[in-house]
Amino acid sequence: MQVLVTGGAGYIGSHAVQRLLAGGHDVTVIDNLSRGNRSAIDRLAERHDPSGDRLRFVEADVGDRPIVDAVLRDAKPDAVLHFAALAYVGESVHQPLRYWRANTSASIELLDACLDAGVERFIFSSTCASYGEPSPERIPIGEDCPQHPINPYGRSKLAFERALFDAGEAQKLTGKAFACAALRYFNVAGSDRTGLIGESHDPETHLIPILLQVALGQRERVTVFGTDYDTPDGTCVRDYVHVEDLIDAHLAVLGKLEAGDVRTYNLGIGKGSSVREMIEATRRVTGHAIPTEDGPRREGDPPTLFADPSKIEREIGWRASITDLDEIIESAWRWFREHPRGYAS
Ligand code: UFG
C-alpha cells in the first residue's frame, strides 16, 4: 500500500511511519516541521529504507495546495493518515486563529485536494478534547457523547471532523469510492519499544514527559495541577493509550473501511489513571523519588476523561494490548534515558 502520512515527523505520526514501513508499505510524509523533527524521519529512513525508495519526505504545510496536489499526483496514495496539527490546549486559548488555520482550514484544503485526486480512504486524528467536560453519567465516554469542546483546540478539531463527515456523505451521494474515519484519541503515551523514535515536544507540557524529565534531573519537581477534584484521590483522571496500540488501531480501521463508510471511534484503553497514580508508577519504573508540589487547577482540565472503547472492539476487533501503566511509562523512559535531550541527543 502507498500511504500519505501528514505530520509524519511528529510524535504520533512518526510512530505510524515506522509501523507502515515495517509492515512493507511505502510512505510519503508531508510535514512543515513546525512541531515535528526531521531527525525522526532520518532515523526511520536509516533503519527501514536503506535503499531510499520507500520513504519520501516533503517539507510543506498541508494547506499548501500546489505542493499537496503535486505530492498526490506523484504518490497516488491508497490512503491518507492525517496527523498534522497543533495540539497545545493552552496555546490554542491564546492563539485561536493559528489553531483554526492549522487544524481546520489547512485540513479542509488537504481533504479537498485528496478528493480531487481520487483518494479513497482518509483517517483523521481527532481528540477526546472534542467532548469537552462530559457530565459524570457520560463516563466512560462513548462516541455518542455530546461534543461540546471547551477550548479552541477542541473546537478546531471538531470543526474539521464535521467537514470530513459532510464530505464523506456527499461522496457517497455521488457514488464515489470514498471512506473516512475520525479517531478520537485519549491521552497518547509511551514510545516505540525498539527505542528508535520517541516523544519529544518543545515546549513540553505533557505529564509523562515532565515526570521523566524530573527523573532525569532536568526539572526539580512536578506540579500536580489540582488536588481537590471530585475523583478518588482528588487529582485528574485520564486514559493513557500506548502510541503503538493507537497506530495499530489506525491500520485495523484502514483494513475495514469500505466505500461509503463515515466512521468514528474512540481510542483509549477504557481505564482511567490519576495524576498521583502516574507519579507512583513513574517512581516504580525509574527508581527515582520524583518530588512533587501541589498546585492550583490548570484551566480547562476536565476532572475525569476515559473512553468506552467497546465500539471499535466490536466493529473492528481492536483493543489496546498494553494496559499496564508501568509498561507504558517504561517505553517512554527508555527513550528519555537514551535521548535525554530528545532528538538533539
Ligand atoms: N498534569 C499535572 N502536572 C503537569 C502536567 C500535567 O498535574 O505538569 C496533569 C494535567 O492537569 C492533567 C494530566 O496531568 O490532568 C494529563 O495532562 P497532559 O497535559 O499530559 O494531557 P491532557 O489530558 O491535558 O491533554 C491530552 C492531550 C491533548 C488533548 C487532551 C484531551 O495532550 O492534546 O488530552 O483532554 F486535547
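**Reading the ligand shell and the aromatic rings**

Guide: Strand β8 supplies the largest share of the shell around the ligand, 4 residues; helices (H or I, at least four residues) and strands (E, at least two) are DSSP runs numbered from the N terminus. This is a predicted model, in which local features need pLDDT of at least 70, side-chain atom pairs count only at pLDDT 80 or more, and totals for chains, interfaces and linings use all residues. Residues are numbered from 1 along each chain as its sequence is written, and side-chain values use heavy atoms, with hydrogens and water left out.

Visitor: How many residues surround the ligand, and which are the closest?

Guide: A residue is near the ligand if one of its heavy atoms lies within 4 Å of it. Here 22 residues surround the ligand, and L207, T223, R238, R298 and D301 are the closest.

Visitor: Which side-chain atom of R298 lies 2.6 Å from an oxygen atom of the ligand?

Guide: A polar one. An N or O atom in the side chain of D301 is likewise 2.6 Å from a ligand oxygen atom.

Visitor: How is a pair of aromatic rings described?

Guide: By the distance of the centres and the angle of the planes. Rings of Phe, Tyr and Trp (its six-membered ring) pair if their centres lie within 6.5 Å; planes under 30 degrees apart count as stacked, over 60 as edge-to-face and the rest as tilted. The whole structure holds 4 aromatic pairs. For F122 and F160 the centres are 6.2 Å apart and the planes at 55°, so this pair is tilted. F122 belongs to strand β5 and F160 to helix α6.

Conventions
Polar contact = N/O pair within 3.5 Å; in protein donor to acceptor, adjacent residues only side chain to side chain.
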